[in-house]
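Biologist: Before I rely on any label in this model, I would like to hear what stands behind it. Could we go through the terms one at a time?

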Amino acid sequence: MPEPRQQLDLLLLPSWLVPIEPAGVVLREHGLGIRDGRIALIAPRTEALRHPATQVRELPNCVLTPGLVNAHGHAAMTLFRGLADDLPLMNWLQDHIWPAEAKWVDEAFVRDGTELAIAEQLKGGVSCFSDMYFFPEVASEQVHKSGIRAQLTIPVLDFPTPGARDAEEALRKGLRLFDDLKQHPRIKVAFGPHAPYSVSDDKLKNVLMLAEELDSGIHMHVHETAFEVQQSLELHGVRPLQRLASLGLLGPRFQAVHMTQISDEDIALLVESNSSVIHCPESNLKLASGFCPVEKLWQAGVNVAIGTDGAASNNDLDLLGETRTAALLAKAVAGSATALGAHSALRMATLNGARALGLDYCTGSLELGKLADLVAFDLSGLAQQPVYDPVSQLVYAGSRSCVKHLWVGGKQLLDDGRLTRLDEQRIVANARAWGERIAGKC
């Protein structure tokens, strides 16, 4: 006798299913089954319906993909959205953002700003994000409450920051957080030295030692501007990436954010070390920082993921919009219309992001046994017709308004566009109150 089919918790029946791995595949009229928070079944619709399920959900005109992975951001900075626009990076940072942070950033700011960022990202199809900001222990409370998945980084700089008098205190607090969260099913802790120009060699060596001891990621702004590279050549005699390589920081755990200024020697270092690059096209465009040569990196075999950066410099946390920008910009930079096609761009926003954060073993693609981190995009709208290739339509004609449902670990956090765990009206009111206080005293 054939073995009885195991009960599924949930069976999803979309019009299209995009597993990401293998690459370029679109499955039509297939079902995906979830059991105990993991993907337990991917099969043609007729076969899938033979499996008993506690709940069956029809998703007509929807494309089901892995949840998007926002590989770089500063979540709480949503409360600085639009505060200082249309300025070059160092002027924006030194004359506006750092003074505002010194005045306003405390635990309450991080709590409310992170909650706002999480809500915005969930509604935009993001199931996992990386956060590089102060008071990561406070951000962890919001991640835990919301149900989203996250990498939280311990901020390290040479000067005092909100929540830490110096880098040593920041690392001490971070190590306590690492210990507190080491068994958490959805939160991973990494180290976040700000940038080569703001962290000295001795502190970087300390970060490396701890990261190796704890098998943790290192997340860092690198080669964001031409000025940064020139300054490093004048002060250290080498480009920033070469300096980091000589210190031993590069490797599979290293996450190089921005990388708008890249030489052939830089690419060789990235390939040799198996480091990841996190591309933030809209922030780089808005701050006129430069262009990351994504196609060149892709062809060299470098893992390239996508991040929104913070809402203070973007000004949104719309990763699907970021993916479209990345695809279009890659073509212009490479001078080739074939550069970074839609399927590759979506891979950057899902599996490549998971790989950069060291999470590709459990998320980033729709494969049996992986966690059920999923998003359903509704392609029934006027602007998405007709649908020849759902991935192409999603990347080039879709928007975050197409996001209909989202699950993290099999738990539904967005149902027909509505947040299931967070109070959107309260979050908006909170953000408005912060805006009034900040605008009145800046």
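Modeller: Let us begin with strand β1 (residues 8-17) and strand β5 (residues 53-66), which pair in the parallel sense over eight bridges. This is a predicted model, in which local features need pLDDT of at least 70 and side-chain atom pairs count only at pLDDT 80 or more, while totals for chains, interfaces and linings use all residues. Residues are numbered from 1 along each chain as its sequence is written, and side-chain values use heavy atoms, with hydrogens and water left out.

Biologist: What makes β1 and β5 a pair?

Modeller: Two strands pair if DSSP finds at least two bridges between them, and β1 and β5 have eight, so the condition is met. Strands here are DSSP runs of E with at least two residues, helices are runs of H or I with at least four, and both are numbered from the N terminus. Within β5, Ala53 is the bridge partner of Leu8.

Biologist: Which way does β1 run against β2 and β3, and over how many bridges?

Modeller: With strand β3 (residues 30-35), β1 runs antiparallel over three bridges, and Leu12 has Leu32 as its bridge partner there. With strand β2 (residues 27-28), β1 is again antiparallel, over two bridges, and Trp16 stands opposite Arg28.

Biologist: Why is Asn70 called buried?

Modeller: Buried means under 20% relative accessible area, exposed means over 50%, and partly exposed lies in between (1.4 Å probe, protein chains only). Asn70, in strand β6 (residues 68-70), has 2% relative accessibility and therefore counts as buried. Contact means heavy atoms within 4.5 Å, and, not counting residues up to four places away in sequence, Asn70 touches several residues, including Gln121, Phe129, Ile306 and Leu319.

Biologist: Why does Phe291 count as buried, partly exposed or exposed?

Modeller: Phe291, found in the loop between α10 (281-286) and α11 (294-300), counts as partly exposed because its relative accessibility is 47%.

Biologist: How do you know that the buried residues of α8 line one face of the helix?

Modeller: In helix α8 (residues 240-247), the residues Pro240, Leu241, Arg243, Leu244 and Leu247 are buried. Seen down the axis of α8, they fall within an arc of 160°, so they line one face; the arc is that of the directions from the helix axis to the C-beta atoms. These buried residues pack against α6 (201-214), β10 (218-222), α7 (226-236), β11 (254-258) and α9 (264-273). After α8 comes Gly248, whose phi is positive, near 90°.
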